[in-house]
Amino acid sequence: MSEKEPSHPSHEDFWVFGYGSLMWRPGFEFLEQIPARLIGEHRALCVYSFDHRGTPEKPGLVLGLDRGGACRGIAFRVAGGRREDVINYLRGREQTTHVYREVMRSVWLENEPRQRVSALAYVVDRGHVQYAGRLSLQDQLRYVRQGHGRSGNNRDYVLETVRSIEAQGFRDPQLHQLALMLHDEAPLHR
(Lines give C-alpha, C1' and ligand atoms only; values in the text may rest on other atoms or scores of the structure.)
Protein backbone atom coordinates (compact mmCIF):
# COMPACT_ATOMS: atom_id res chain seq x y z
CA MET A 1 0.00 0.00 0.00
CA SER A 2 1.34 3.40 -0.94
CA GLU A 3 1.27 6.05 1.77
CA LYS A 4 -0.90 8.24 -0.47
CA GLU A 5 -3.63 5.73 -1.25
CA PRO A 6 -6.35 4.69 1.20
CA SER A 7 -6.35 0.93 1.81
CA HIS A 8 -10.08 0.38 1.36
CA PRO A 9 -11.93 -0.28 -1.89
CA SER A 10 -13.22 2.92 -3.47
CA HIS A 11 -16.90 2.00 -2.99
CA GLU A 12 -16.62 1.73 0.81
CA ASP A 13 -17.16 4.65 3.15
CA PHE A 14 -13.93 6.14 4.48
CA TRP A 15 -12.82 8.47 7.27
CA VAL A 16 -10.99 11.81 7.30
CA PHE A 17 -9.34 13.09 10.51
CA GLY A 18 -9.61 16.84 11.13
CA TYR A 19 -7.50 18.54 13.81
CA GLY A 20 -7.39 22.21 12.68
CA SER A 21 -9.57 24.16 10.27
CA LEU A 22 -11.16 20.95 8.98
CA MET A 23 -12.94 20.74 12.37
CA TRP A 24 -14.76 24.05 11.86
CA ARG A 25 -14.78 24.29 8.05
CA PRO A 26 -14.56 20.83 6.51
CA GLY A 27 -15.74 22.00 3.07
CA PHE A 28 -16.81 18.53 1.90
CA GLU A 29 -19.89 16.32 2.21
CA PHE A 30 -19.81 13.78 5.02
CA LEU A 31 -22.26 11.30 6.53
CA GLU A 32 -21.33 11.86 10.17
CA GLN A 33 -18.72 13.44 12.38
CA ILE A 34 -17.48 11.87 15.59
CA PRO A 35 -14.93 13.16 18.11
CA ALA A 36 -11.78 11.06 17.72
CA ARG A 37 -8.26 10.60 19.05
CA LEU A 38 -5.13 9.90 17.03
CA ILE A 39 -2.22 8.38 18.95
CA GLY A 40 1.40 8.93 17.88
CA GLU A 41 1.18 12.52 16.63
CA HIS A 42 0.12 15.78 18.23
CA ARG A 43 -1.40 19.04 16.99
CA ALA A 44 1.19 21.83 16.76
CA LEU A 45 1.56 25.27 15.19
CA CYS A 46 4.59 23.98 13.33
CA VAL A 47 3.95 24.99 9.69
CA TYR A 48 4.89 28.34 8.19
CA SER A 49 1.94 29.37 6.02
CA PHE A 50 2.94 30.87 2.68
CA ASP A 51 -0.54 30.61 1.17
CA HIS A 52 -3.73 30.27 3.23
CA ARG A 53 -2.70 32.33 6.31
CA GLY A 54 0.45 34.11 5.20
CA THR A 55 2.81 34.79 2.31
CA PRO A 56 6.47 33.83 1.68
CA GLU A 57 7.42 37.42 2.64
CA LYS A 58 5.23 37.46 5.79
CA PRO A 59 4.51 33.86 6.79
CA GLY A 60 1.75 32.94 9.18
CA LEU A 61 1.60 29.72 11.21
CA VAL A 62 -0.82 26.85 10.76
CA LEU A 63 -1.29 23.52 12.42
CA GLY A 64 0.27 20.23 11.52
CA LEU A 65 0.30 16.79 13.05
CA ASP A 66 3.84 16.36 14.36
CA ARG A 67 5.61 13.34 15.82
CA GLY A 68 4.76 12.08 19.30
CA GLY A 69 1.88 12.35 21.72
CA ALA A 70 -1.78 12.27 20.79
CA CYS A 71 -4.33 14.55 19.17
CA ARG A 72 -8.04 14.91 19.71
CA GLY A 73 -10.05 16.05 16.72
CA ILE A 74 -12.99 15.01 14.56
CA ALA A 75 -13.33 11.98 12.31
CA PHE A 76 -15.63 12.54 9.33
CA ARG A 77 -17.22 9.51 7.66
CA VAL A 78 -17.48 10.08 3.91
CA ALA A 79 -19.58 8.02 1.51
CA GLY A 80 -17.45 5.75 -0.67
CA GLY A 81 -19.04 7.24 -3.78
CA ARG A 82 -17.65 10.66 -2.80
CA ARG A 83 -14.10 9.35 -2.19
CA GLU A 84 -12.46 10.73 -5.34
CA ASP A 85 -14.15 14.15 -5.06
CA VAL A 86 -13.30 14.54 -1.37
CA ILE A 87 -9.68 13.42 -1.76
CA ASN A 88 -9.23 15.78 -4.72
CA TYR A 89 -10.78 18.63 -2.70
CA LEU A 90 -8.51 17.92 0.28
CA ARG A 91 -5.41 17.73 -1.90
CA GLY A 92 -6.29 21.07 -3.46
CA ARG A 93 -6.79 22.60 -0.01
CA GLU A 94 -4.08 20.94 2.07
CA GLN A 95 -1.36 20.28 -0.49
CA THR A 96 -0.87 23.69 -2.15
CA THR A 97 2.81 23.61 -1.17
CA HIS A 98 3.15 19.88 -0.29
CA VAL A 99 4.14 20.60 3.32
CA TYR A 100 1.99 17.66 4.48
CA ARG A 101 2.25 13.94 3.88
CA GLU A 102 -1.12 12.39 3.05
CA VAL A 103 -1.30 9.24 5.18
CA MET A 104 -3.71 6.74 6.66
CA ARG A 105 -3.71 6.65 10.47
CA SER A 106 -5.63 4.67 13.05
CA VAL A 107 -7.95 6.87 15.07
CA TRP A 108 -10.14 5.93 17.99
CA LEU A 109 -13.71 7.17 17.72
CA GLU A 110 -14.96 8.61 20.99
CA ASN A 111 -18.34 6.93 20.69
CA GLU A 112 -19.75 3.65 21.88
CA PRO A 113 -18.22 1.11 21.30
CA ARG A 114 -15.08 3.28 20.90
CA GLN A 115 -14.10 1.67 17.64
CA ARG A 116 -10.80 2.10 15.85
CA VAL A 117 -10.92 3.16 12.19
CA SER A 118 -8.36 4.04 9.56
CA ALA A 119 -8.57 7.71 8.58
CA LEU A 120 -6.96 9.94 6.00
CA ALA A 121 -4.79 12.50 7.79
CA TYR A 122 -2.30 15.22 6.89
CA VAL A 123 0.98 14.94 8.79
CA VAL A 124 3.69 17.60 8.54
CA ASP A 125 6.76 16.78 6.47
CA ARG A 126 9.65 17.64 8.79
CA GLY A 127 12.02 17.95 5.83
CA HIS A 128 9.93 20.64 4.09
CA VAL A 129 11.14 24.27 4.06
CA GLN A 130 7.85 25.33 5.71
CA TYR A 131 8.36 23.09 8.76
CA ALA A 132 8.78 25.52 11.65
CA GLY A 133 9.52 22.97 14.36
CA ARG A 134 8.89 23.88 17.98
CA LEU A 135 8.63 27.66 18.29
CA SER A 136 8.40 29.63 21.50
CA LEU A 137 5.02 31.11 22.37
CA GLN A 138 6.38 34.60 21.61
CA ASP A 139 7.53 33.50 18.14
CA GLN A 140 4.16 31.87 17.48
CA LEU A 141 2.43 35.08 18.51
CA ARG A 142 4.62 37.15 16.19
CA TYR A 143 3.91 34.94 13.16
CA VAL A 144 0.19 34.70 13.89
CA ARG A 145 -0.09 38.47 14.30
CA GLN A 146 1.57 39.14 10.93
CA GLY A 147 -0.02 36.28 8.99
CA HIS A 148 -2.63 37.05 6.34
CA GLY A 149 -3.23 34.95 3.24
CA ARG A 150 -5.90 34.01 0.73
CA SER A 151 -8.03 32.31 3.42
CA GLY A 152 -7.90 35.30 5.78
CA ASN A 153 -5.89 36.40 8.75
CA ASN A 154 -3.97 33.98 10.92
CA ARG A 155 -5.51 35.29 14.15
CA ASP A 156 -9.00 34.16 13.08
CA TYR A 157 -7.65 30.71 12.17
CA VAL A 158 -6.22 30.22 15.67
CA LEU A 159 -9.33 31.57 17.45
CA GLU A 160 -11.75 29.49 15.34
CA THR A 161 -9.70 26.36 15.99
CA VAL A 162 -9.74 27.01 19.74
CA ARG A 163 -13.53 27.56 19.62
CA SER A 164 -13.92 24.24 17.83
CA ILE A 165 -11.70 22.45 20.36
CA GLU A 166 -13.78 23.89 23.20
CA ALA A 167 -17.02 22.86 21.45
CA GLN A 168 -15.68 19.29 21.51
CA GLY A 169 -15.28 19.60 25.28
CA PHE A 170 -11.50 19.64 25.66
CA ARG A 171 -8.56 22.04 25.75
CA ASP A 172 -5.24 22.34 23.98
CA PRO A 173 -3.12 24.20 26.57
CA GLN A 174 -0.59 25.72 24.13
CA LEU A 175 -3.24 26.90 21.64
CA HIS A 176 -5.46 28.18 24.44
CA GLN A 177 -2.60 30.22 25.87
CA LEU A 178 -1.92 31.74 22.45
CA ALA A 179 -5.64 32.44 21.95
CA LEU A 180 -5.78 34.32 25.26
CA MET A 181 -2.95 36.54 24.05
CA LEU A 182 -4.79 37.15 20.74
CA HIS A 183 -8.34 37.37 22.05
CA ASP A 184 -8.49 40.99 23.05
CA GLU A 185 -6.53 42.32 20.10
CA ALA A 186 -8.38 44.17 17.36
CA PRO A 187 -8.47 42.23 14.07
CA LEU A 188 -5.61 43.07 11.76
CA HIS A 189 -6.48 44.47 8.35
CA ARG A 190 -3.96 44.58 5.53
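A residue counts as exposed when its relative accessible area is over 50%, as buried when that area is under 20%, and as partly exposed in between. The exercises below use these classes on a predicted model.

**Exercise 1. Classify arginine 171 and its salt-bridge partner as buried, partly exposed or exposed.**

Step 1. Find the partner: arginine 171 forms a salt bridge with glutamate 166. The closest N and O atoms of this pair are 4.0 Å apart.

Step 2. Take arginine 171. Its relative accessibility is 55%, so arginine 171 is exposed.

Step 3. Take glutamate 166. With a relative accessible area of 42%, glutamate 166 is partly exposed.

**Exercise 2. Determine where in the chain aspartate 13 and arginine 77 lie, and describe the link between them.**

Step 1. Start with the bond. Aspartate 13 and arginine 77 form a salt bridge, and their closest N and O atoms are 2.5 Å apart.

Step 2. Place both residues. Aspartate 13 belongs to the segment before β1 (14-18), while arginine 77 is in strand β3 (residues 60-78). The two are 64 residues apart, and the pair links distant parts of the chain.

Step 3. Check their surroundings. Aspartate 13 has a relative accessible area of 32% and is partly exposed. Arginine 77 is also partly exposed, at 22%.

Step 4. Look for further partners. Asp13 and Arg77 are joined with Glu32 in a network of salt bridges. The structure as a whole holds 16 salt bridges.

**Exercise 3. Find the separation of aspartate 139 and arginine 142 along their helix.**

Step 1. Identify the helix. Both residues are in α3 (residues 137-146), 3 residues apart.

Step 2. Apply the helix geometry. An α-helix has 3.6 residues a turn, so residues three or four places apart point the same way.

Step 3. Draw the result. Aspartate 139 and arginine 142 are separated by about one helical turn. They form a salt bridge whose closest N and O atoms are 3.3 Å apart.

Step 4. Add the accessibility. Aspartate 139 is partly exposed at 28%, and arginine 142 is partly exposed at 42%.

**Exercise 4. Explain why cysteine 46 forms no disulfide.**

Step 1. State the cut-off: the two cysteine sulfur atoms of a disulfide lie within 2.5 Å.

Step 2. Compare. The closest cysteine sulfur to that of cysteine 46 belongs to cysteine 71, and because it is 11 Å away it is too far for a bond.

Step 3. Turn to the other cysteine. Cysteine 71 is in no disulfide either, since its nearest cysteine sulfur is that of cysteine 46, 11 Å away. The count for the structure is 0 disulfides.

Step 4. Note the accessibility. Cysteine 46 is buried at 1%, and cysteine 71 is buried at 2%.

**Exercise 5. Work out how the buried residues of α5 are arranged around its axis.**

Step 1. List them. In α5 (173-183), the buried residues are Leu175, His176, Leu178, Ala179 and Leu182.

Step 2. Use the arc. These residues cover only 165° around the axis, which means that they sit on the same side of α5.

Step 3. Look at the opposite face. Turned away from the buried side, it carries the exposed residues Pro173 and Leu180.

Step 4. Find what packs there. The buried residues of α5 pack against β2, β3, α3 and α4.

Step 5. View the contact from α3. The buried residues of α3 are Leu137, Gln140, Leu141, Tyr143 and Val144. Their cover includes β2 (32-49), β3, α4 (154-167) and α5.

**Exercise 6. Describe the largest pocket and the largest cavity, and state which element supplies the largest share of each lining.**

Step 1. Take the pocket. The largest pocket holds about 320 Å³ of space. It is lined by 17 residues, and His42, Arg43, Ala44, Leu45 and Arg134 are the closest to its centre.

Step 2. Assign the pocket lining. β2, β3 and α5 each give at least two residues, and the largest share, 5 residues, comes from β2.

Step 3. Take the cavity. There is 1 cavity of 30 Å³ or more, and the volume of the largest cavity is about 340 Å³. Of its 26 lining residues, His52, Val62, Arg93, Glu94 and Tyr100 lie nearest the centre.

Step 4. Assign the cavity lining. Two or more residues come from each of α1 (21-24), β2, β3 and α2 (83-94). The largest share, 3 residues, is from β2.

Key. Residues numbered from 1 in each chain as written. Predicted model: local features only at pLDDT ≥ 70, side-chain atom pairs only at ≥ 80, totals over all residues. Heavy atoms only, no water. Salt bridge = Lys/Arg side-chain N within 4 Å of Asp/Glu carboxyl O. Helix = DSSP H or I, 4+ residues; strand = E, 2+ residues; numbered from the N terminus. Buried < 20%, exposed > 50% of the residue type's maximum accessible area, 1.4 Å probe, protein only. Contact = heavy atoms within 4.5 Å. Arc of directions from axis to C-beta. 1 Å grid on protein atoms, 1.4 Å probe; cavity = no way out; pocket = protein on both sides within 12 Å on 5 of 7 lines; lining within 4 Å. Points joined across faces, edges and corners; volume = space filled by probe spheres on them.
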